[in-house]
Structures are given as C-alpha cells and as structure tokens.
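This report looks at the enclosed spaces of one structure and at the surroundings of its ligand. The sequence and the structure come first, and the description follows.

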Amino acid sequence: MECAFVGCGAAAGLYAAGLDASTLSLAAVCDVERARAEELVAPRDATAYADIDAMLDAEAAPLVVNLTGHEAHAPVTRRCLRAGRHVFSEKPLALSGAEASDLLALAERRGVALGCAPLNHRSETQRQARHVLADGRLGTVRLAYAHAHVGRVTEWHDDPASFLRVGPLYDGAVYPLNLLVEWFGPVTRVRSADAVDLWPDGESHEPERPTHVEATLSTAGGPVVRLTASFYAPHRSREFTSLELHGDDGSLYVEDAGDMGGSDRPLVSFGGRGRPYTAMPLQEPARETPYLAGPERLAESVRRGAPDRRSASRAAHLVAVCEAIEDAAEPGSPVDVESSVADSSAVAAESPPPVWTPEESAGNDGSAAVRLPPVGFGCSRYRDGDYVDRRESIEMALDAGYRFFDSAELYGNEHRLGEALSAPGSPDRETVFLASKVWNTNHGHATEACESTLRELGTAYVDCYMVHWPEAWAYTGPLRRLAERPVETQEAMAFPRNETGEIRTADVSLEAVWRDLESLHDRGLARTLGLCNVDRETLLDVLDFARIPPKLVQVERHPYRPRTDLVTACHRRGIRVVAHSPLSAPGLLREPAVEEIARERGISPAQVVLAWNVTRGVVPIPSTTDRDHVVENLAASGTRLSADRMVRLDDLADPDFER
Ligand SMILES: NC(=O)c1ccc[n+]([C@@H]2O[C@H](COP(=O)([O-])OP(=O)(O)OC[C@H]3O[C@@H](n4cnc5c(N)ncnc54)[C@H](OP(=O)(O)O)[C@@H]3O)[C@@H](O)[C@H]2O)c1
C-alpha cells in the first residue's frame, strides 16, 4: 500500500529505515520545512510537500503516517481523516481526552482505520513478560511501579521545546501505561497525584508544564500502580521506562517498557517469593520490531476489509489517563477516568504460547519430532568426582526461564526438582519438559524406578523416560533419595562390584528393558521414550525391535566429540539429540578457536560451545551452580553461529577424545 509521511523530525528517520523491507511504499512526504521533506524523499521515488492540503489534493496514498510534533498530532490526523485517509499517528493521539475521542469517532464515521503508537506490547521483550504473567508465576498481581524518566530532553532530543510544552506524561508515561492497560485492563481511577516544577538552573529551554509527576492509579482488573514521570530525573538514571510488578507469589521487572526488541541482554527478570531476581534471557534470536510494523498492521487490516482502530482506542484512553492525572494533581479530590476501552483484564484467561509446547512437529524426513527448548538444564549432582547440592541452582534455572530439566533416579535429588515445581508461582506443568532415566541397576525394575521418579517429581507423567546406559548391572534395591545416604552407600548401590572390583552385570537385554518402558508409555506415565549413551548401531538395533521408537537420544556431545553419524541418523528419523556434558570436556573452553569466536561475537566461551550445539538443532543441557552461568547458558538459546565459525569449531573434533 502507498503511504505518505507527515513530519520529518527524528521519528521520520526511524520509520523510513524500515521502508526497503516493508509492504508499504512511500509516495509523498510533507513537512512545514520543505528542505527536510526533500532530504527524506531524495533517495526515494516520492514527492516532497510543505503544505498538507496540497499533498492530500495531489496524492492518492490511502495511508498517512503522522510523525509531526506532539501538538500537531491531533490537527494533522483530523485533516487526513476528513480527506478519507487511514492514519497511523505517533503518540500521543491528542493532548486531551475529548479531542482523542473525537478523532476515534471521526474515523469510525468515515469507515477508515486509525492507529497510534506505542505498540511496545508487541515487542519480544514485553511478550516475554506477558508470558510469565500468563504462566501464573506471580499469582495475583496487586502492585505495580511504573517509571517514565524521560530525562533532560534538552540533552538528547533535537526538538526539546515540543516535549517541554506537553510534559513528561504524554510521551514517556504512555509506555508502561500501555502495557498495564493491555495486560490488566483500563485505568479506572486516579487515586492521588502530584505535579512539581523541578528544573536545573541555566538550561536553554524552560518547561511550560510541571516536569515531575507522581500518581497512584487503580486498574480495572489488576494492580494499583505507582507512576513516576519525570523530565528532571535523567534518562540514564537506574529507572528509565521500567515496570515492576509484584504479585502474591513473585515479582517481575521489565527494565525498559518501551523496548522494541533486538536487545542482546535480558531485559526481563523474575523474583520468586523470597528469592533474588534472576534475569530471563530470550530463548530465540533477538529480533527488533520495526517502527513501520504499526502502519503495516493498519494497512493489513484495511486490505482484509476490517479497518482497525483498536490501538487508537487504547491510545485515546492513555490520553484520558494523562489528563486525569494532571487534573488530580491540581489541588482537589481524586478524579474518575472515563474509558471506552474494553476490560481486557483476564491475563490468565488468555493463554499465549508457552516457551515450548509438548506437541510434535515434523522432523527432517517428515516423521514427528518432539519440540524442545533450544537449551535445557542438567540436574546431576556429580562434579569432578564430587557431589554438589542442586536445590538453589534448580530454583534459579526455573526463575531464569529454563523449561527443559534433565533428571535421573541416579542423581538422587529428583524431589528437589519436584519441590521447585510445586512451589507457589511455579510454571504450569504443561509448559515444562521433564526427562528422567532408569539407572543400570534397575533394568529389571524399570516400572518400579519410574513410579518412584514420578512420586519424587510430584508429577503424573514424565515427558521423556530414558534408558541411562544400554548395559544392565546387578540389582541393588530402590535408588530413591540416593543423595541423602552416606557417600559409600551411594557408590555401592550405584556401582555394584564384585570382590575384584569389577562391575557386576545383569542378564537383562536392552529389548527387555525397552518393553517395560513401552508399557510405561502405554500407561501414560511417559509421554515419550529415549536412549542415552548409545552409538548409531545400538540405536538402529532398538529401532528394529521397538514398538514405540525413541524420540530422544542423549549423548555426550561437544566440538571434540561431534557424533556426526549418530546425529545425522537421529535427525533423519525425527529423533531429537540432547547433548549432555556440553561444557566440561577438559580444555574445551580455553581452546583458541573458542576464545577467538567468543571475542568476535562478544559472548562467553561457554556460550560459543553451547551455540555450536544449538545451531545444529541439538539441545545442550549444561549444568551449573553459579547464578551468572545459569543466565549466560540459557542466553545461548538465541545465538546462532555462522557457517565459517561452525567449521572452525568442527575442526576441533578429536576421534581419540576420552574423558
Ligand atoms: N545421560 C548421561 O549419562 C549423562 C551424563 C553426564 C551428564 N548428563 C546430564 O548433562 C548435564 C550436564 O553435564 P555435566 O554436569 O557433566 O557437565 P557440563 O554441563 O558439561 O559442565 C558443568 C561444568 O561447567 C561449568 N560451567 C557451567 N556453565 C558455565 C559457564 N557459563 N562458564 C564457565 N563454566 C561453566 C560448571 O561450573 P559452575 O557450576 O561453576 O558454573 C561445571 O563445572 C548433567 O547435569 C546431566 O543432567 C547426563
């Protein structure tokens, strides 16, 4: 669709940057300073105008993108709507609630689309935060802190006068408010408000409205909001446009409510009850939402024959909120806010896509493959010949957003994972992938082992139940809570030896234990089955006799030991490969190639090695007890390595590698 830009300030450059990749084409540009319009059209096949009436008379472009200064938004939008054009306006839609409602009514009468920024709720960061809410991790949310520290506009904007004439609410506070209205429904009441003149001496521009505003607001179905909007507090202060939500079961912090995606570090963190905040990395490559996405969506609604006005309706409500705050800040009593926005408070009622879904998707050859998060979390206690406690790191991993946990009866701590998963504010069971394994001594007792694991995990089913090793060893009794027994008992039960120190094996074939696993699958106790520590030949044997074929194969895999034949065989058959011990091969993280790529990409050596697996569609399950590493490892989910870097890491393959 053809469009015209009106206004050629800083925003126009941001919108124009997306034109080459857009479904919109620019036909005309208008600015009262003709030279600015000419500069913008110069590299494009578009016409420059200095007068909006002349442009609307001469041009047929059905969509106008209004990028003028704050006070010009409403008059320009009105003029264009009257000319029968669809309009997307930068925020604010208008400077009074009545004016904003008039524009909406006018668009409705004319049957045209009207849209308005901000559309921050559509960016990946804000969607991630929304998913945490929908997961129920905060419980009932009763309190929100919203900041809009727009800062000294004189320092960072080429047209500070326009900001200083409208105050900090209409341009800054709308970001966190937009999210709150989208997530919890309209603001219903300004409970209290205060507006203060704070401004440093010697500034070139003088504000025309109070520069610092504080208010307490009620929302229809959600929290009480304490809002602070300021031109005085610098935009580099700790809080810029942040939003912090506190619920009965946890807290959520969104560092930049206005963020439009593409950040290479996590902007959302979660704090479980009584626990410190943990950063939540995105689990897919970061992607920026272009400014033009708003006008494009509007054009799409027109093409569908249903001209959209929803974002304008929300924007009109935001203007009414800002106005009500200003009114309430005048000496007097609280002011009720009228709203035409539907109450969309039911965060829990709408279920956005979880981080991963257990449904199956097509494998390389069209056979069904299990969908998994790109990186999982290993729960083993073993660490260089020692045992470590994993309770805290498992809780941290849940907080950071891991949704695939690798466990086993051998680890002796499955109840720790179960406790974390049943704590208030933990994610829905359906959104977590739990894998566990039957240990070598239990090949003749797989049913008993699996039932014990389910009790420990506090779940009715595991998402994948696996054979830990293909070899069967002598039975030593149930291994439940091995971690709570003396170390010598743990060793004796897990590694039964005869007098000469050799492992005592048992005569249980792999086929026999697999049959038991198939029965567990039939009973619904294991949604899928898997094999650990197998080579290609063993896998093919199992595929020959299996009635229910394995969906996961877990093996040690890292650049020293790429297991290419096995991975290829699995991917061809829609079997997902999980890489255990992905980081701990001696010397791997200090390999010059790994360190070089880490420097080139600005990531850590561990992230390089994890991304090597992720890029090939293999899911690494690193284990760590370190808070920073928990976050860093998950952040590798979004990192893909280029083909030449993959080759440099492939070159590390060592056929003689042994631990
Ligand atoms: N199926 C099987 O037979 C089998 C066998 C082995 C393992 N596994 C599974 O695989 C999981 C992981 O394997 P693993 O525990 O052997 O080893 P790993 O994940 O390869 O390595 C763990 C080691 O790496 C360090 N580390 C973690 N993140 C790091 C980072 N970002 N930077 C630097 N160092 C980092 C850890 O120290 P910090 O704690 O200080 O971070 C720890 O010393 C296990 O928990 C288990 O679930 C399965």
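## The largest cavity

Helix α14, which spans residues 446–457, provides the largest share of the lining of the largest cavity, namely 4 residues. The structure is a predicted model, and the values that follow are computed from its atoms. The volume of this largest cavity is about 70 Å³, and the structure holds 2 cavities of 30 Å³ or more.

The residues that line the largest cavity are Glu409, Gly412, Asn413, Glu414, Ala449, Ser452, Thr453, Glu456, Leu479, Arg480 and Arg481. When the residues of this lining are divided by class, 5 are charged, 4 are polar and 2 are nonpolar; among the charged ones are Glu409, Glu414 and Glu456, together with Arg480 and Arg481.

## The second largest cavity

The second largest cavity has a volume of about 30 Å³, and the largest share of its lining, 3 residues, comes from helix α11, which covers residues 310–329. Around this second cavity the lining consists of Lys91, Pro92, Leu93, Ala117, Pro118, Val174, Ala315, Leu318 and Val319.

By class, the lining of the second largest cavity holds 8 nonpolar residues and 1 charged residue, with no polar residues. The charged residue in this lining is Lys91, while the nonpolar residues include Pro92, Leu93 and Val174.

## The shell around the ligand

Which residues are the closest to the ligand? Of the 28 residues that surround the ligand, the closest are Asp406, Asn533, Leu583, Thr624 and His629. The element that gives the most to this shell is helix α21 (residues 627–635), with 3 residues. Divided by class, the residues of the shell comprise 13 polar, 10 nonpolar and 5 charged.

## Polar contacts and burial of the ligand

Oxygen atoms of the ligand take part in polar contacts with both side-chain and backbone atoms of the protein. On the side-chain side, a polar atom of aspartate 406 lies 2.6 Å from an oxygen atom of the ligand. On the backbone side, a polar atom of leucine 583 is 2.7 Å from an oxygen atom of the ligand, and a backbone N or O atom of serine 623 lies 2.8 Å from a ligand oxygen atom. Taken alone, the ligand exposes 900 Å², of which the protein buries 82%.

Aspartate 406 and leucine 583 therefore appear twice in this account, since both are listed among the closest residues and both have a polar atom within 3.5 Å of a ligand oxygen atom, which is the cut-off for a polar contact.

Methods: Residues are numbered from 1 along each chain as its sequence is written. This is a predicted model: local features need pLDDT of at least 70, side-chain atom pairs count only at pLDDT 80 or more; totals for chains, interfaces and linings use all residues. Side-chain values use heavy atoms; hydrogens and water are left out. On a 1 Å grid over the protein atoms alone, a cavity is a set of points where a 1.4 Å probe fits but cannot get out, and a pocket is an open set with protein on both sides within 12 Å along at least five of seven lines; lining residues have an atom within 4 Å of a point. Grid points are joined across faces, edges and corners, and a volume is the space filled by probe spheres set on the points. Helices (H or I, at least four residues) and strands (E, at least two) are DSSP runs, numbered from the N terminus. A residue is near a molecule or strand if one of its heavy atoms lies within 4 Å of it. A polar contact is a pair of N or O atoms within 3.5 Å; within protein, one must be able to donate a hydrogen and the other to accept it, and residues adjacent in sequence count only if both atoms are side-chain atoms. Accessible areas come from the Shrake-Rupley method with a 1.4 Å probe; for residues, only the protein chains shown count as cover.
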